[in-house]
Amino acid sequence: MTRRAYIQTMGCQMNEYDSGKIVGILEDHGYAAVDDPAEADLVILNTCSVREKAVHKVRSEVGRLRFLKSGRPGMLIGVAGCVAQQEGAALLDREGVVDLVFGPDQIDRLPEMLQRAERRERVVENQFRPAGEYNFIAADVLPGRLAPTAHVTVQKGCDNNCTFCIVPHTRGREINRPADEIVAEVRELARRGVREIILIGQNVNSYSTESTGGPDFPRLLEMAAAVSGVKRIRFTTSHPKSFDERLARAMAEIPQVCEFLHLPVQSGSGVVLEMMGREYTREDYLRKIRRAREICPTLSLSTDLIVGFPGELEEDFELTLSLVEEARFDSIFAFAYSPRPFTPAARFEDQVPEQDKRRRLATLLETARRIGVENAQALLGTEQEILIERVDARRGQATGRTRGNRLVHVDQQGLSPGDLVLVEITGVLDHSLRGRSIRMAA
Ligand code: SAM
Ligand code: SF4
Ligand code: F3S
């Protein structure tokens with residue numbers, strides 16, 4: 001009998017990618033994915049712990065599942081991802097309703113873990129796998145129909161020590177995936193109709209397999225771009241300390257590589273950057289993006305910022321605002337600093353009061369919104385290539401993204417997901433653009 005599984009994904013692209021593999025493995029083992037947890041025999045929460053709010057969300061979801069399970073006694077509940085990795089057995093002890101807890105390094109063992117959970121064994125698997133034993137799961141497990149855009153992981157973990165960040169604790173040491181595995185996954189996805197590949201990792205531009213005779217990241221981009229059927233390549237996240245001209249050149253010169261760079265700066269204050277352990281200065285960052293724009297003039301830039309890091313003074317925050325004005329990001333992700341267990345900054349003195357964090361966040365978001373809209377208005381009347389991601393037949397509208405990662409809505413006019421279309425930008429909306437299609441692109 002087919003069993004039904006519901007997977008809920010929180011957190012970043014790493015978790016989205018892992019969830020795709022989890023669904024694939026489950027489908028290979030007799031499960032069908034469903035959209036409603038109330039119909040499921042197995043529910044897996046793929047969790048995030050990067051900020052405290054994310055962990056609260058996990059607790060409230062487990063609470064909801066406790067209620068569901070009371071009416072479905074045979075239901076199994078699994079917790080995966082970064083909270084599972086971080087809390088392990090303590091999570092199982094605290095949340096009696098949970099049947100299995102497994103970290104991101106253990107996903108390939110899911111069938112065996114499920115058999116044990118079905119026998120009512122306690123399942124906690126959150127060991128990290130060292131480089132030689134780590135298993136990047138291949139794309140052939142991926143289920144059914146695929147979207148025009150897909151993620152491909154190039155590395156796992158992180159070797160940096162940003163003092164605010166829990167990720168090195170939840171994802172372990174950086175392990176770079178062999179290039180032949182990456183290219184094989186890209187090839188498999190392209191064969192199944194994927195047009196745009198997003199290479200993901202915590203610091204993709206530190207990717208290197210040179211010690212084993214393999215490529216570095218710019219060379220890896222070339223290899224992925226050479227796969228037949230791949231129309232676009234994106235990558236995220238890059239770290240400013242290892243961002244160099246070669247990567248800017250790859251964006252300018254390899255036709256498939258989109259001119260879009262997500263380069264998290266975190267703060268505009270040198271003092272705060274130093275306390276964060278980011279290993280670059282405000283000036284380094286501004287110099288690097290200036291140079292990147294010289295090499296690749298159509299570059300679109302986005303960033304992550306944290307406000308209210310311990311010790312951040314009003315004048316440090318002003319420096320963040322002035323950096324945002326100078327860098328003129330197309331979009332930003334901004335967060336109030338959230339103290340995380342196991343991180344040095346949680347123990348720093350001078351924690352910033354919550355109301356100051358909230359005020360700074362609102363000011364920062366408003367500044368960035370204004371600049372984002374000004375940048376969008378500069379696109380009015382220009383021609384942009386968009387890759388259609390979805391179609392809303394009821395509204396007669398198709399939606400795609402420019403190479404610079406902006407959402408554009410156009411009239412559907414026979415367009416389907418995966419089509420590459422040349423459009424003229426005709427309007428600026430709150431979080432997207434309006435366009436008029438001119439013709440299909442190559
Ligand atoms: N590896 C990427 C990098 O170095 O920028 C980002 C990883 S993290 C998953 C995504 C973003 O979450 C970070 O860029 C940072 O802005 C934010 N973040 C991480 N820890 C945080 C914390 N303790 N409080 C608030 N925001 C945090
Ligand atoms: Fe976290 Fe820093 Fe690693 Fe990014 S580079 S994942 S912010 S420790
Ligand atoms: Fe969250 Fe883990 Fe990603 S903490 S942001 S799911 S690496």
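**Polar contacts of ligand 1 in the predicted model.** A polar side-chain atom of arginine 51 lies 3.1 Å from an oxygen atom of ligand 1, a polar contact being a pair of N or O atoms within 3.5 Å. Two backbones also take part: a polar backbone atom of phenylalanine 164 is 3.0 Å from a nitrogen atom of ligand 1, and a backbone N or O atom of serine 338 lies 2.8 Å from a nitrogen atom of the ligand. The protein covers 92% of the 560 Å² of accessible area that ligand 1 has on its own, with areas taken from the Shrake-Rupley method with a 1.4 Å probe. This is a predicted model in which local features need pLDDT of at least 70 and side-chain atom pairs count only at pLDDT 80 or more, while totals for chains, interfaces and linings use all residues. Residues are numbered from 1 along each chain as its sequence is written, chains are lettered from A and ligands numbered from 1 in the order in which they are written, and side-chain values use heavy atoms, without hydrogens and water.

**The shell around ligand 1.** Of the 15 residues around the ligand, Phe164, Gln202, Gln266, Asp304 and Ser338 come nearest, where near requires a heavy atom within 4 Å. By class, the shell has 7 nonpolar, 4 polar and 4 charged residues. Strand S13 (300–307) and strand S14 (331–336) each supply at least two of the shell residues, strands being DSSP runs (E) of at least two residues, numbered from the N terminus.

**The closed barrel.** Five strands form a closed barrel in the order S15-S16-S17-S19-S18, with mixed pairing, for which DSSP must find at least two bridges between two strands. Within the barrel, S18 (residues 420–428) and S19 (residues 433–440) pair in the antiparallel sense over 7 bridges, and valine 421 has methionine 440 of S19 as its bridge partner.

Technical notes
A polar contact is a pair of N or O atoms within 3.5 Å; within protein, one must be able to donate a hydrogen and the other to accept it, and residues adjacent in sequence count only if both atoms are side-chain atoms. Helices (H or I, at least four residues) and strands (E, at least two) are DSSP runs, numbered from the N terminus. Ala, Val, Leu, Ile, Met, Phe, Trp, Tyr, Cys and Pro count as nonpolar, Asp, Glu, Lys and Arg as charged, and the others, Gly among them, as polar.
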